[in-house]
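Colleague: I am new to this structure and should be grateful for a close look at its aromatic pairs. Please explain each term as it arises.

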Amino acid sequence: METPSIPAIHKPQTITIQLASSQANINDSSSSPPGNRGFQSYYGEIEMGTPPQRFRVVFDTGSSDFWIPSIECDSAACETHSRFSHSNSSSYKTSHVPFSLNYGSGGLIGQVGADKLHIGNVTVEDVHVGLATHMSRFFRTARFDGVFGLGFPGLSRIQSQTPLYAMVQAGLLEKPIFSFWVREGHGGKHAGGEVVLGGVNSQRFEGDGRVLPIVRKMYWEVELNGLLINNYPVPSISSQTAIIDTGTSLIVLPAIDADVVNQALGAVPLYDEYGLYAIDCHKSNKPPVKFVFAGEEFAIHPTHYILPVGPGRCVSAFAASTSPELSRWVIGNSFLRAWHTTFDVENFEIKLAKAVQPDGPVESASAAASDNASNTMGLNSQLERIVEALATAHLTKTSSTSSSAKPTKHSVPKHTTSSNTPTPTSNPIHHHSNI
């Protein structure tokens, strides 16, 4: 395929995309739909083809692939989403190249094509896109249609240039950076946010920010030096790096680290399969938690790491991975609500600055986004039932020493394919982000 290009008459742009929130996260491996940790994924709108067809996509720094559902998708999950009709686009180019992806929350397969990407007021030619022809049921209730990967090209499973790099190389963006801001959702306020391609919105943060170098050009991964709770170092942290991941809701740790951190916070495990920990809902008696990245301290507070899941019930934002293979911390939106994040593609660095939360709701760029904004602390009924069942099982187990009954085990849906269908390739981070 041709290298993505843009007419020379185009001037570099700063593109601001308003984000709505969805109770479905792509890095989820619980029994809920993507991001259906009940906590949030944040999505915005893009368009593909000629004439343009509109889609809602999660802007995800934890992956590097761009995909949307195809009109040829045969899965029930596709029925609830916008699907791309390549036959209705005069600019579409086919490749007949298959692809497969697997997130912690579900998998998909399809074919790679190329077409015009319309994002903000900019059009990019011949952008590679995965067109999903089969999607696991995990995606059925998600409010977003696809994923817009913002990781480094070497991470791409489709093995193509990412849309972001296509825009940078074509001279579309004013600067080779993008920034991410999350709007908190509590006290009657709706969750949301914005991603800015090519620049930053200075109204979304305060101070100059602090720069963290990337340790390798795959994920947006930084050096992790430790964690402080109430200014005391948490001992025996196993990980040495952390990935800043806008497609993950919680803060997902190797199980050994999650146990240590949650014990220090007074949280207790609900059930190992889910990696969730119950924690006291009273935030006033909990300390701040400080992450030490590349020698710099970044604090979050109880409002960020104590998440209500029902009347009188809360879970910790520090979740354990269900896979022993995860060796790095995955820093999701529970942290990013406190810290505005700028990703520098050219200098391979991240800048964190204290996020500013306005009093009023975030204004959405479209009715679709505003209609789908939801409270970031509210869980969908499925996850709430799971947490309630697990909490009941935990309390029963801990209060009775004579009973031999075990907590009910809830099944986690897995992506399945027929014998002649390729197995989705796993994203090592999203696959192990268990919440």
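Modeller: The following account concerns the aromatic rings and their surroundings.

This is a predicted model, in which local features need pLDDT of at least 70, side-chain atom pairs count only at pLDDT 80 or more, and totals for chains, interfaces and linings use all residues. Residues are numbered from 1 along each chain as its sequence is written, and side-chain values use heavy atoms, with hydrogens and water left out.

A search of the whole structure finds 20 aromatic pairs (rings of Phe, Tyr and Trp, the last by its six-membered ring, with centres within 6.5 Å; stacked under 30 degrees between planes, edge-to-face over 60, tilted for the rest). Phe178 and Phe343 form a stacked pair, 4.7 Å from centre to centre with 10 degrees between the planes. This pair joins distant parts of the chain, for Phe178 belongs to strand S9 and Phe343 to strand S24, 165 residues apart (strands are DSSP runs of E, at least two residues, and helices runs of H or I, at least four, numbered from the N terminus). Phe178 is buried, at 0% relative accessible area, and Phe343 is buried at 0% as well (buried means under 20% relative accessible area, with a 1.4 Å probe and protein chains only).

Phe291 and Phe335 form an edge-to-face pair, with 5.1 Å between centres and 80 degrees between planes. Here strand S18, which holds Phe291, is linked to helix H4, which holds Phe335, across 44 residues. Phe291 is buried at 0%, as is Phe335 at 0%. Both belong to a cluster linked by ring pairs, whose members include Phe293, Tyr305 and Trp339.

Conventions
Buried < 20%, exposed > 50% of the residue type's maximum accessible area, 1.4 Å probe, protein only.
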